[in-house]
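Let's take a walk through this structure together, one piece at a time. Keep the picture open and turn it as you read.

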Number of protein chains: 2
Amino acid sequence: MMKSTQVVKALSALAQPTRLAIYRLLVASGAQGLAAGQIAEKLKVSPATMSFHFKTLSHAELIERRQDGRFIYYAANFKVMNGMVDYLTENCCGGHAEICNIPSKKC
Amino acid sequence: MMKSTQVVKALSALAQPTRLAIYRLLVASGAQGLAAGQIAEKLKVSPATMSFHFKTLSHAELIERRQDGRFIYYAANFKVMNGMVDYLTENCCGGHAEICNIPSKKC
DNA sequence: CTGACATTTTAATAATTGTTTAACAATGGA
DNA sequence: TCCATTGTTAAACAATTATTAAAATGTCAG
């Protein structure tokens, strides 16, 4: 189980419109990811601001960085999001699957 | 599908140690919920600070309020968390279930 | 009605966060 | 090597957030 502090860090990282949009773009882009510039262009955000947000997401381990020539690719790391969801839903139905409120869980 | 602004609001609400602890307590407490004072006592946080956090969670529609005599009960509202997870994982594997990185989804 | 209890509100302060601008690396093609 | 491209870092500022203490609200028992 993830530690509380890491969960808070991940939630904080996603709790901002630009970063949420970045993360969703990367979730939809799979393992290959997208170059920093492509993301900046799609979201219409300045490079410096993007770097700030990439750092926040990286620090929370929600995304991973890969250099390819002059380009820097970012890709979603699903482990932390999965861990976050597990942390939020722990003990969600007292072990009674028939009353479970969380479709994504196999209580 | 939830709107981005509501998702950000929900993530922000959970992205704080005390509120994350409140929410998890309520998730584990089911529909009955817990009285404000019980939660404050368990988490060793002053009533005024608790009220502030309850308001934030309520405003994000992550918890619901119910008055019972002099006590005010709060209970988790699972809809918003489920919506939040759906929003985060939209298009997560390009429709290819066999490569899906998110166990909780039925891609 | 009065007093005690449960919780919220308000106001003030301290800490954190997001954006901008300008300057700084690192890469690779001419 | 030189220069344009790609992206990051640093410093400054504005905006948001969390906590505290004090006062206020609402509810019920006597």
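One bit of vocabulary before we start: helices (H or I, at least four residues) and strands (E, at least two) are DSSP runs, numbered from the N terminus. Keep in mind, too, that what you're looking at is a predicted model.

With that naming in hand, start with chain A on its own. Its secondary structure comes to five helices and three strands. Read from the N terminus, the elements go α-α-β-α-α-β-β-α. The C-alpha atoms fill a box of roughly 50 × 25 × 20 Å along the principal axes. Chain A has 107 residues, and 31% of them count as buried. If you look at contacts in chain A with a separation of 6 or more, 47% are between residues 24 or more positions apart.

Now find the strands. The three of them form an open sheet in chain A, in the order β1-β3-β2, with antiparallel pairing. In chain A, β1 (34-35) and β2 (63-68) are at the edges with a single partner strand each, so one side of each has no neighbour in the sheet. What holds strands together like this? Strands of a sheet pair through backbone hydrogen bonds, either parallel or antiparallel. Here, β2(A) and β3(A) pair over six bridges in the antiparallel sense. For one example you can click on, A:Glu64 has A:Ala75 in β3(A) as its bridge partner.

Next, bring in chain B. Turn chain A by 180°, with 0.0 Å of shift along the axis, and it superposes on chain B with an RMSD of 0.0 Å. The two copies are thus related as by a two-fold rotation axis. Want to spot that axis? In chain A, the C-alpha nearest to it belongs to A:Ser104, at 2.3 Å.

Where do the two chains touch? 29 residues of chain A are in contact with 29 residues of chain B. On the chain A side, α1 (4-14), α2 (17-29) and α5 (78-89) each supply at least two residues. By class, that side has 16 nonpolar, ten polar and three charged residues. Of the interface residues of chain A, 100% are also interface residues in chain B, so the copies meet through the same surface.

Finally, the DNA. Which parts of the protein make up the surface near DNA strand D? In chain A, α3 (36-43), α4 and β3 (71-76) each supply at least two residues, and so does α4 (47-59) of chain B. The element that gives the most is α4(A), with seven residues. In total, 24 residues surround DNA strand D, and A:Pro47 and A:Ser51 are among the closest. Sorted by class, this surface has eleven nonpolar, ten polar and three charged residues.

Zoom in on A:Pro47 for a moment. This residue sits in helix α4 (residues 47-59) of chain A. Buried or exposed? A:Pro47 has 11 C-beta neighbours inside 10 Å, so it counts as exposed. Its C-alpha is 8.1 Å from that of A:Ala36, which is eleven residues away along the chain.

Now swing over to DNA strand C, which 23 residues surround. The largest share of the surface near DNA strand C comes from α4(B), with seven residues. Chain B also brings in α3 (36-43) and β3 (71-76), while chain A brings in α4, each with at least two residues. By class, the surface near DNA strand C has eleven nonpolar, nine polar and three charged residues.

Definitions and conventions
Residues are numbered from 1 along each chain as its sequence is written. Chains are lettered from A and ligands numbered from 1 in the order in which they are written. This is a predicted model: local features need pLDDT of at least 70, side-chain atom pairs count only at pLDDT 80 or more; totals for chains, interfaces and linings use all residues. Copies are superposed by least squares on the C-alpha atoms of residues with pLDDT of at least 70 in both. Two residues are in contact if their C-beta atoms, placed from the backbone, lie within 7 Å. A residue is buried if 20 or more other C-beta atoms lie within 10 Å of its own, exposed if 12 or fewer, and partly exposed in between; C-beta atoms are placed from the backbone. A residue is near a molecule or strand if its C-beta atom, placed from the backbone, lies within 6 Å of it. Ala, Val, Leu, Ile, Met, Phe, Trp, Tyr, Cys and Pro count as nonpolar, Asp, Glu, Lys and Arg as charged, and the others, Gly among them, as polar. Two strands pair if DSSP finds at least two bridges between them.
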